[in-house]
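Colleague: I would like a close look at a single part of this model, followed outward into its surroundings. Please take one helix and explain how it sits in the rest of the chain.

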Amino acid sequence: MSSSPLPVSGRSRAAVVDELRRLLPRLESHGDAGRVLPLGLTAIDAHLPHGGLAVGALHEVAPHQHGDTPAAFGFLVALLARFQPLTQPVLLVASRRALADHGRPHGHGLQQLGLDPARLILVETRNDKQTFWAVEEALRSRAPAAVGGAATSLDLKTSQRLHLAAGDAGLPLWLLRPARADDASAAATRWRIGTAEAARDRFGLITHTRWRARLERCRNGRPGEWLVEFDHAAYRFSLAPPLADPALPRGRDAHAVRRAG
């Protein structure tokens with residue numbers, strides 16, 4: 001990765017705020033909490049209010065099970081990378097425990113998911129309380145294009161505070177939750193992500209990362225589940241072929257199709 005993590009533990013809050021202000025200079029233009037960002041997939045965007053992800057809001061991503069955490073993190077990175085402008089940094093704040101079993105983000109992996117490592121500011125905290133504090137400071141600065149976080153626990157009151165901070169800033173906040181996350185939250189959406197076999201070329205190299213993505217909760221929208229893939233060359237989402245093809249008709253029509261075959 002192009003830069004080392006900015007540690008929070010062992011430093012005064014004033015020192016950390018000064019460092020964040022240096023890395024995230026305040027911008028003149030503020031975000032718009034009413035904007036949405038379509039994923040570009042009609043099948044999924046139709047489930048989201050106003051046809052896209054709310055920009056000024058808290059969104060959650062959680063793995064189906066603990067072993068799916070790297071997949072869930074990759075999905076979160078691919079989403080963070082979509083937020084413009086590309087000249088603004090993306091901030092990722094993670095406590096030591098949140099990604100302890102899976103290592104730190106790797107520059108090559110970030111690049112494959114569309115996020116230029118040079119855009120990323122990685123902040124490592126001692127605990128969840130420091131994570132949420134650093135996230136709020138970043139949102140108040142209104143300087144990043146998007147903010148991501150990883151924490152081991154989140155109560156309803158804290159989620160409400162983070163959601164309001166994201167709305168006030170008009171910036172997207174994506175929070176990686178653990179697999180056990182099923183509690184009440186103020187998040188606009190919660191995505192449950194599982195691993196899926198990647199698409200490969202004739203040399204065995206991965207061309208499309210795939211996820212089993214379930215929109216578990218969606219305020220003013222509809223839940224759904226899809227097999228989603230990400231094109232590493234075009235940096236865009238699509239449905240994996242089994243779900244992109246029209247489904248066979250059911251019932252009497254399906255019987256007729258089988259007979260005709």
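Modeller: What follows is an account of helix H3 in a predicted model, beginning with the helix itself and moving on to the cavity beside it and other parts of the chain.

Helix H3 covers residues 69-80, and its 12 residues should span 16 Å at 1.5 Å a residue; the end C-alpha atoms are in fact 16 Å apart in the model, so the expected and modelled spans agree. Of these 12 residues, 11 are buried, and the helix is therefore largely enclosed by the rest of the structure. The buried residues are Thr69, Ala71, Ala72, Phe73, Gly74, Phe75, Leu76, Val77, Ala78, Leu79 and Leu80.

Two of those names, Phe75 and Leu79, return in the lining of the largest cavity, together with Leu39, Leu41, Ile44, Trp191, Val228 and Phe237. The structure holds one cavity of 30 Å³ or more, and the space in the largest cavity comes to about 40 Å³. In composition, the lining of this cavity has eight nonpolar residues, with no polar and no charged residues among them.

Past the end of the helix, Arg82 lies in the loop between H3 and strand E5, which covers residues 90-95. With a relative accessible area of 22%, Arg82 counts as partly exposed, because the buried class ends at 20%. Once neighbours within four places in sequence are set aside, Arg82 is in contact with Leu37, Pro38, Leu39, Gly40 and Phe237; of these, Leu39 and Phe237 also belong to the cavity lining. The C-alpha atom of Arg82 is 8.2 Å from that of Leu115, although 33 residues separate the two in sequence.

The loop leads on to strand E5, where Val93 is placed. Val93 has a relative accessible area of 0% and is therefore buried. Beyond four places in sequence, Val93 is in contact with Val123, Thr125, Thr131, Ala134, Val135, Gly148, Gly149 and Ala150. One of these partners, Gly148, is 55 residues away along the chain, while the two C-alpha atoms are separated by 6.3 Å.

Three of the contacts of Val93, namely Thr131, Ala134 and Val135, are also among the buried residues of helix H5. That helix can be examined in the way used for H3: at 1.5 Å a residue its 14 residues should span 20 Å, and its end C-alpha atoms are 20 Å apart, which agrees. H5 is mostly covered, with 11 of its 14 residues buried, and the buried set includes Asp128 and Glu136 as well as Phe132, Trp133 and Leu139.

After H5, which covers residues 128-141, Arg142 is placed in the loop that runs to strand E7 at residues 146-150. The phi of Arg142 is near 60°, a positive value in a residue other than glycine. Most residues other than glycine have a negative phi. Arg142 counts as partly exposed, at 21% relative accessibility. A positive phi is also found at Tyr235, where the value is near 55°. Tyr235 is placed in the loop between strand E12 (224-231) and strand E13 (236-239), and it is partly exposed, with a relative accessible area of 37%. The cavity-lining residues Val228 and Phe237 fall within the ranges given for E12 and E13.

For the wider setting, the chain has eight helices and 13 strands, and buried residues make up 51% of its 261 residues. Among contacts between residues at least 6 apart in sequence, 72% join residues at least 24 apart.

Confidence should be kept in view when this picture is read. The chain averages a pLDDT of 85, and 79% of the residues score at least 70. Over residues 26-33, however, the pLDDT is below 50, although this stretch has 15 contacts in the model beyond near neighbours in sequence. Residues 246-261 likewise stay under 50, and for them the model has two contacts beyond four places in sequence.

Conventions:
Residues numbered from 1 in each chain as written. Predicted model: local features only at pLDDT ≥ 70, side-chain atom pairs only at ≥ 80, totals over all residues. Heavy atoms only, no water. Helix = DSSP H or I, 4+ residues; strand = E, 2+ residues; numbered from the N terminus. Expected span 1.5 Å × (residues − 1). Buried < 20%, exposed > 50% of the residue type's maximum accessible area, 1.4 Å probe, protein only. 1 Å grid on protein atoms, 1.4 Å probe; cavity = no way out; pocket = protein on both sides within 12 Å on 5 of 7 lines; lining within 4 Å. Points joined across faces, edges and corners; volume = space filled by probe spheres on them. Nonpolar A, V, L, I, M, F, W, Y, C, P; charged D, E, K, R; others polar. pLDDT = per-residue confidence, 0-100. Contact = heavy atoms within 4.5 Å.
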